[in-house]
2 protein chains.
Amino acid sequence: MGIAVNIGQAAEASGVSAKMIRHYESIGLVPRADRRDSGYRDYGPQDVHRLGFVRRARDLGFPLERIRVLLGLWGDPGRSSAEVKALALSHIGELEDKARHLQEMADVLRGLALSCDGDGRPDCPIIAGLEAGPVPPSGPCTGRPTSRSSSAKPPSRRSPSPDRR
Amino acid sequence: MGIAVNIGQAAEASGVSAKMIRHYESIGLVPRADRRDSGYRDYGPQDVHRLGFVRRARDLGFPLERIRVLLGLWGDPGRSSAEVKALALSHIGELEDKARHLQEMADVLRGLALSCDGDGRPDCPIIAGLEAGPVPPSGPCTGRPTSRSSSAKPPSRRSPSPDRR
DNA sequence: GTTGACCTTCCCATGATGGGAAGCCGCAAG
DNA sequence: CTTGCGGCTTCCCATCATGGGAAGGTCAAC
């Protein structure tokens, strides 16, 4: 029937790129599309609708494997909304964990940046913060052990044999 | 001197896995480590220190390419803290953009989940929300199905059946 | 029929990390 | 000294979602 469209139209209508539609088919996220004699894929309204479903789920950050489950629930008349809700809540938790993690990193970095003059001098608490931590044993406390890639390292360190353990 | 260590010790001391240390070397993020006659990599305190720098930068979410720049600034006595700060601020912006994006997705999903009963029945606003959007009408739009009237599927939101035809 | 836009499949790349295989090396116990 | 085990080497593959591009077939307008 005329309602069958090319992958290009399906892509435009669903918001999923043709590349991704083929990919989703290849991993079995969506069923194999019908083909014309020429090999061209044919998409009916339901197919496009399903692709839109996938796209909106992706927009909400669901990974494809979870979308696979969602599609199963979508098509299951006997599903319970509890299943869907549990899946959603679990995903919300993951999203917020990630958001929190990113925000924490930003906060730490902002703390360092706040105390950075940002002028022409090299002294920088940001660099110092990154440099912090376990200072190598027997190494200079190095308020700024900078020149290291440019200048050769004076301290001896290349004995083939000594391997302590 | 005993300060030269194996990749294993360097990994443990720096918090960067041996796998990653080799990878960083292969992409030139850190200079090629000295080798013993056996081919074993040798890491001095400075090398371990640099790896720690990389790890802390990673912990703050810097991508490797940016860490490459940071390492350059670190080792540049003539750097200006303004450069470092600009890099950091730019990165903070990206982190917060991502965090905001994730949080937005979580919020939208939470909104849907709040109105979901989560009981044994199939009716679910979450599924409905994912399904929302232009429902493909079975109308004569052979050529270009672009302008589709919104929502044309009132009957039974149960069992849209992902399987088609 | 020609042409240009579209479709097909297949391979490669991203970014950061890990897993694992095949084979060499180092050290300690026998 | 030999054996054995664990650590080291390189190389390839996998992840996750997406895109780029090549080589070649198809469709529709002119």
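**Note on the cysteine pair, the DNA strand C surface and chain A**

1. A:Cys124 counts as buried, with a relative accessibility of 7%. Keep in mind that this is a predicted model. The sulfur of A:Cys124 has its closest cysteine sulfur in A:Cys116, 3.7 Å away. That is too far for a bond, because a disulfide requires the two sulfur atoms to lie within 2.5 Å.

2. The partner residue deserves a look too. A:Cys116 is at 2% relative accessibility and therefore counts as buried. Over all chains, the disulfide count is 0. A:Cys116 takes part in none, and the nearest cysteine sulfur to it, in A:Cys124, sits at 3.7 Å.

3. Which residues come closest to DNA strand C? They are A:Gly8, A:Arg22 and A:Arg41 from chain A, with B:Lys19 and B:Tyr24 from chain B. In total, 21 residues surround the strand. On the DNA side, sugar and phosphate make up 72% of the strand C atoms that come within 4 Å of the protein.

4. Some polar contacts can be named. A:Arg22 places a polar side-chain atom 2.7 Å from a phosphate oxygen of DNA strand C. For A:Arg35, a polar side-chain atom is 3.2 Å from a phosphate oxygen of the strand. A:Tyr40 reaches a base oxygen instead, with a polar side-chain atom at 3.0 Å.

5. Now the elements behind that surface. Those giving two or more residues to the surface near DNA strand C are helix 1 (7-14) and helix 2 (18-26) of chain A, plus helix 2 (18-26) of chain B. Which element gives the most? Helix 2 of chain B does, with 4 residues.

6. The composition of the surface near DNA strand C is mixed. Its residues split into 8 charged, 7 nonpolar and 6 polar. A:Arg22, with its phosphate contact, is also listed with the closest residues.

7. Chain A overall: how many helices and strands does it have? The answer is 6 helices and 2 strands. Read from the N terminus, the order is α-α-β-β-α-α-α-α. The two strands therefore follow helix 2 in the numbering.

8. Packing of chain A. The chain has 165 residues, and 40% of them are buried. A:Cys116 and A:Cys124 are among the residues that count as buried. Take the contacts between residues at least 6 apart in sequence: 45% of these join residues at least 24 apart.

9. Surface of chain A. The chain exposes about 8600 Å². Carbon and sulfur atoms supply 54% of that area.

Definitions and conventions. Residues numbered from 1 in each chain as written. Chains lettered and ligands numbered in written order. Predicted model: local features only at pLDDT ≥ 70, side-chain atom pairs only at ≥ 80, totals over all residues. Heavy atoms only, no water. Near = heavy atom within 4 Å. Polar contact = N/O pair within 3.5 Å; in protein donor to acceptor, adjacent residues only side chain to side chain. Nonpolar A, V, L, I, M, F, W, Y, C, P; charged D, E, K, R; others polar. Buried < 20%, exposed > 50% of the residue type's maximum accessible area, 1.4 Å probe, protein only. Contact = heavy atoms within 4.5 Å. Areas by Shrake-Rupley, 256 points an atom, 1.4 Å probe, with all protein chains shown as cover.
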